[in-house]
Amino acid sequence: MSGAALGLEIVFVFFLALFLLHRYGDFKKQHRLVIIATLLAWYLCFLIVFILPLDVSTTIYNRCKLAVNSSPAESNGSYVTLAPSKQKCFKPWSYIPSGIMPIFWRVVYWTSQFLTWILLPFMQSYARSGGFSITGKIKTALIENAIYYGTYLLIFGAFLIYVAVNPNFNLQWNQLQTIGIAAANTWGLFLLVLLLGYGLVEIPRSHWNGAKRGYLLMKTYFKAAKLMTEKADAEENLEDIMEEVRKVSESIKYNHPLRKCVDTILKKCPTEYQERMGRNMDDYEDFDERQNSYPSEKSLVKLHKQVIYSVQRHRRTQVQWQILLEQAFYLEDVAKNETSATRQFVHTFRSQEPENKIIQYFYTPTVEWYWECLLRPWFYRVLAVVLATFSVIVVWSECTFFSTKPVLSLFAVFIQLAEKTYNYIYIEMACFLTIFFLSICVYSTVFRIRVFNYYYLASHHQTDAYSLLFSGMLFCRLTPPLCLNFLGLTHMDATISHRNTQPTAYTSIMGSMRVLTFIADGFYIYYPMLVVILCIATYFSLGTRCLNLLGFQQFMGDSEMTSDLIDEGKELIKREKRKRQRQEEGENRRREWKERYGNRDDSTRNRVVHTDQKESSFSETNINRPLSKYTRSNGRTERDRIELLQDAEPLDFNADLINDDPLELDSGR
């Protein structure tokens, strides 16, 4: 089993990252490099979270071996014996051979840092660029990132000059590397505490409110009103951009040098706009460079960028509106079925997506009623209580993890109790649950936050390339300080525990923070205490109230604006529900018509075909008969038809008035 657990987790984490990226990204429409870079960033961050518990159990086993194999003098000196020296050390099932973990952490850490500080910012500018060639996009990305990269180079250069001039500093390469890691982790820890303070309160509260059907329905109405406003704004913005594209397309003709750029812009437009512009365009008209003023290539690049953004936003709002409608209809169905006497869940509308037969077989209407109307609210309440308990433990441990005598951090107490008995399964499960809960609190906040329309992770394949890359940057910057904070909570970091024991492989890669004592003994220890203030602010919704005062409508139960938006959203849902009912009624009538008159139409069609066959056979028999006795009558008929044609008066198409009334014609004669 040596190394098997590491290999299994590497494969599992890859498919987990791929699944999440498929949910938020669009593999068919987005660039492959964007998908690969985002997948790599997410994969490395999730991998660190899943592999770190194995590193902890392997480190505890290595400490046990050193304590057993060392002499009493060595035990009292260089290493602290955590168990009696004669006790036998049991190798954990997930033991990773020595030498593998340091190489693994070094590759994972430095790859993630290269992604977050160099590659992903460049790809962000490249993805948002409106250039028409690879060279143009790269040039735009370099110009936009010049200030970003120049600031870091200026700070680093000033620091090197200060170290070189000051004789009191004699830093080596390893110490410079540690300073760089400490600077990156300090920036990440600053953002980590902000996101963690929000997630520790909001995640349990959201699950507790999830048990309240009325609360969820009111919030859905509120979202519907806000989304309808955004949807109308996106449609209006798209119309304006398409009007500019139409003017540019009509002014730049087929033989203009910039016509290829216009064709590239047209390909990014929706299909209906492309057809409309194609009908109004005259490609046979030459351009006159002296008479007309044409847009420049720079303005076309700007227009191309606006088209990409407006089309993506319009598509996203349309999909989100349909998803929100389904959610609102389902919550209204739950409210109606709660008082059902038959205890069978009845849907107002049929599901538009085909249901799985296996799920449909087990998840019957009766099972659905018991789950949605009885079990699910209680399940969410119990889950909210468990999550709230975890949040209280995290907050307590964040405020007391610096205390080593006595040990006040509950996570450190749990790990040390398991370390005495060498229960590796318990150690790995405790470590995994701890870091997994911390990761959920931080990463879920990253998925929830929205910076206007520039950064927004939307599910159902509606996230743009810029937001995907930005999320990869955040994950790569937040994960290393998150892991160091976890090691500090469990006292596995020698900087926190102040024990001269063998460090974890992850800590050895980070380097000794004693190079910067004011960070190791000050910022890393006391700054996480601010999570208490952030949790209190989140509990009383201070951020939501501030945004509401600034004009950004937020869901607040005691706000008059919230009540107005709830009423507006309720009317919108009613209107869409009536529209959906009319559509389904029309489909049902057509289905009933086909079922009732389908056989009759088939029999009528067969009767008509049979009659035609009889007539054709009758005509064939008449043709085969001798035609001599019909020759005279046919000749007379042809002569009469010719005489009638000769007697008919020709129409005068040049006349001023053509009147079909015979009375007026007679009076005129």
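Student: What makes the contact between Arg316 and Glu230 a salt bridge?

Tutor: In this predicted model, the closest N and O atoms of Arg316 and Glu230 are 3.3 Å apart, and because a salt bridge requires a side-chain nitrogen of Lys or Arg within 4 Å of a carboxyl oxygen of Asp or Glu, the pair qualifies. Arg316 lies in helix 10 and Glu230 in helix 7 (residues 213-251), so the salt bridge ties together parts that are 86 residues apart in sequence.

Student: Why are Arg316 and Glu230 called buried?

Tutor: Buried means under 20% relative accessible area; Arg316 has 4% relative accessibility and therefore counts as buried, and Glu230, with a relative accessible area of 14%, is buried as well.

Student: How do you know that Glu243 and Arg246 form a salt bridge, and why are they about one helical turn apart?

Tutor: Their closest N and O atoms are 2.4 Å apart, which satisfies the cut-off of within 4 Å. Glu243 and Arg246 are three residues apart in helix 7, and therefore they are separated by about one helical turn. Glu243, at 33% relative accessibility, counts as partly exposed, and Arg246 is also partly exposed, with a relative accessible area of 25%.

Student: Glu576 and Lys579 also meet in a salt bridge; why is Glu576 called buried, and why is Lys579 called partly exposed?

Tutor: The N to O distance for this pair is 3.8 Å, and both residues lie in helix 21, three residues apart, about one turn of the helix. Since buried means under 20% and partly exposed lies between that value and 50%, Glu576 at 13% relative accessibility counts as buried, whereas Lys579 at 36% counts as partly exposed. Elsewhere, salt bridges that share partners join Arg213, Glu372 and Arg376 into one network, and a search of the whole structure finds 14 salt bridges.

Student: What makes Arg591 part of a patch of positive charge on the surface?

Tutor: Arg591 gathers there with Arg350, Arg589, Arg590 and Lys594, and Lys and Arg count as positive. Patch residues need over 30% relative accessible area, and Arg591, which is placed in helix 21 (residues 560-624), has 37% relative accessibility and therefore counts as partly exposed.

Student: What makes the patch containing Ile425 nonpolar?

Tutor: The patch, of about 390 Å², is made by Trp93, Ile425, Met429 and Leu433, and Trp, Ile, Met and Leu are among the side chains taken as nonpolar. Ile425, found in helix 14 (residues 424-448), is partly exposed with a relative accessible area of 47%, a value that meets the requirement of over 30%.

Student: Why is Leu438 called buried, and how far is Leu438 from Leu482?

Tutor: Leu438, also placed in helix 14, counts as buried because its relative accessibility is 0%, against a limit of under 20%. Leu438 and Leu482 are 44 residues apart in sequence and 7.8 Å apart in space, C-alpha to C-alpha.

Student: What makes the backbone at Arg343 and at Pro406 worth describing?

Tutor: Arg343 has a positive phi of about 55° although it is not a glycine, and its place is in the loop between helix 10 (297-337) and helix 11 (357-362). Pro406 is joined to Lys405 by a cis peptide bond, with omega about 0°, and Pro406 is found in the loop between helix 12 (365-400) and helix 13 (410-421).

Conventions
Residues numbered from 1 in each chain as written. Predicted model: local features only at pLDDT ≥ 70, side-chain atom pairs only at ≥ 80, totals over all residues. Heavy atoms only, no water. Patch = residues over 30% accessible without salt bridge, like charges linked within 9 Å, V, L, I, M, F, W, Y side chains within 5 Å. Areas by Shrake-Rupley, 256 points an atom, 1.4 Å probe, with all protein chains shown as cover. Charge placed at Lys NZ, Arg CZ, Asp CG, Glu CD. Helix = DSSP H or I, 4+ residues; strand = E, 2+ residues; numbered from the N terminus. Buried < 20%, exposed > 50% of the residue type's maximum accessible area, 1.4 Å probe, protein only.
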